[in-house]
Amino acid sequence: MKKSTLLQIIEANKRKRSIALVTNLDKNSQKIFLRSDLLQSEALQSRIADAFLNDRSGLVQLDEGRFFIQVFNVPLRLLVIGAVHIAKPLISMAQECAYDVTLIDPRQAFASAFRFPSVALVNEWPDVALEKLGVDDRTAVVTLTHDPKLDEPALVAAIRSDAFYVGALGSRRTHRKRCERLLDVGIAQDQLRRICAPVGLNISARSPSEIAVSIMAQITQKLRQQAN
């Protein structure tokens with residue numbers, strides 16, 4: 001690998017930009033591709049996009065030759081709004097799935113290191129926190145508080161971002177009322193459709209841990225099926 005190529009990879013990592021190093025094995029040449037610049041209409045770039053989506057490097061054989069695609073994706077992140085009982089199993093499961101998790105709640109009595117010792121904590125209003133943290137297409141956002149003052153500013157920020165997943169805890173009735181309020185503040189219907197609510201896959205979950213399973217399953221489904 002050339003030094004200039006290595007420096008490009010390091011710089012992309014610093015800027016949290018997904019990058020792929022593609023080696024043409026027949027010509028012994030290398031080229032860098034940014035995920036944001038790919039053209040799905042081209043065969044090679046379509047295969048690179050698949051590699052990004054699946055977090056999987058590997059060899060591909062095309063009419064124009066053999067290529068090894070090495071993916072350097074930015075880390076997956078989960079931003080959890082609300083230091084509530086469901087947050088604990090959800091955080092644990094997300095970390096097992098290799099997500100960098102941040103728990104956001106301005107209520108320091110709830111979001112404390114004593115209650116949540118193994119996760120990054122942000123004691124700020126969710127919309128402010130999301131702006132500071134930045135939300136890209138490798139980020140999932142889940143609101144859990146049931147408090148419109150906390151959940152709804154976070155949802156507005158999330159659906160206007162590049163987040164690949166936005167979920168909100170609450171019943172269908174709760175979500176209908178939530179959507180009415182969001183429409184009143186200028187959120188469009190197509191943006192509201194980005195919100196997965198009631199959050200999680202419908203597996204008749206009851207306990208906090210079961211609900212966490214359903215949420216992580218839905219996040220995984222959204223992540224891996226983005227191209228479908």
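Is glutamine 218 buried or exposed? Keep that residue in mind while the whole chain is on screen; the tour reaches it after a look at the overall fold and the nonpolar cores.

**The whole chain**

Begin with the complete protein, bearing in mind that this is a predicted model. Shown as a cartoon, the protein has a secondary structure of eight helices and 10 strands, and its C-alpha atoms, taken along the principal axes, fill a box of roughly 60 × 35 × 35 Å. If you colour by accessibility, 46% of the 228 residues count as buried. Contacts can be drawn as well: among those between residues at least 6 apart in sequence, 56% join residues at least 24 apart.

**The largest core**

Next, select Leu78, Tyr99, Leu144, Ile215 and Ile219, which are the residues with the most contacts inside the largest nonpolar core, a set of 30 residues. Two or more residues of this core are given by each of β5 (77–81), α3 (87–96), β6 (100–104), β8 (139–143) and α8 (208–224), and the largest share, six residues, comes from α8. Centre the view on isoleucine 219 and, leaving out residues up to four places away in sequence, display what it touches: Leu78, Tyr99, Ala140, Val142, Phe164 and Tyr165. A second, separate core of 21 residues can then be picked out through some of its members, including Val156, Ala158, Ile187 and Ile195. As background to both selections, nonpolar side chains in soluble globular proteins tend to be buried together.

**Glutamine 218**

Stay with helix α8, where glutamine 218 has its place. The opening question can now be settled: with a relative accessible area of 10%, glutamine 218 is buried, because buried means under 20%. Display its side chain together with glycine 200, and you will find a polar atom of that side chain 2.7 Å from the backbone nitrogen of glycine 200. Apart from neighbours within four places in sequence, glutamine 218 is in contact with Tyr165, Cys196, Val199, Gly200 and Leu201.

**Two packed helices**

Now select residues 126–133, helix α4, and residues 148–159, helix α5, which pack at an angle of about 30° with their axes 7 Å apart. The two helices are therefore roughly parallel to each other, since angles under 35 degrees count as such. To see the contact itself, show Pro126, Asp127 and Leu130 of α4 against Leu150, Pro153, Ala154, Ala157 and Ala158 of α5; by residue class, this contact divides into seven nonpolar, no polar and one charged. Ala158, already selected as part of the second core, thus appears again in the contact of α5 with α4.

**Two stops on strands**

Move to strand β7 (residues 120–122) and select alanine 120, which is partly exposed, with a relative accessible area of 42%. Setting aside residues up to four places away in sequence, alanine 120 touches Val101, Thr102 and Leu103. A distance label drawn from its C-alpha atom to that of proline 89, 31 residues apart along the chain, should read 15 Å.

Finish at leucine 34, in strand β2 (residues 29–34). Once its neighbours within four places in sequence are left aside, leucine 34 is in contact with Arg17, Ser18, Ile19 and Phe52. A last label, C-alpha to C-alpha, places leucine 34 and alanine 12 at 8.7 Å apart in space, with their positions 22 residues apart in sequence.

Conventions: Residues are numbered from 1 along each chain as its sequence is written. This is a predicted model: local features need pLDDT of at least 70, side-chain atom pairs count only at pLDDT 80 or more; totals for chains, interfaces and linings use all residues. Side-chain values use heavy atoms; hydrogens and water are left out. Axes are lines fitted to C-alpha atoms, for helices over the stretch in contact, and angles run from 0 to 180 degrees between N-to-C directions. Helices (H or I, at least four residues) and strands (E, at least two) are DSSP runs, numbered from the N terminus. Angles under 35 degrees count as roughly parallel, over 145 as roughly antiparallel, 65 to 115 as roughly perpendicular and the rest as oblique. Contact means heavy atoms within 4.5 Å. Ala, Val, Leu, Ile, Met, Phe, Trp, Tyr, Cys and Pro count as nonpolar, Asp, Glu, Lys and Arg as charged, and the others, Gly among them, as polar. A nonpolar core is a set of buried Ala, Val, Leu, Ile, Met, Phe, Trp, Tyr and Cys residues joined through side-chain atoms within 4.5 Å. Buried means under 20% relative accessible area, exposed over 50%, partly exposed in between (1.4 Å probe, protein chains only). A polar contact is a pair of N or O atoms within 3.5 Å; within protein, one must be able to donate a hydrogen and the other to accept it, and residues adjacent in sequence count only if both atoms are side-chain atoms.
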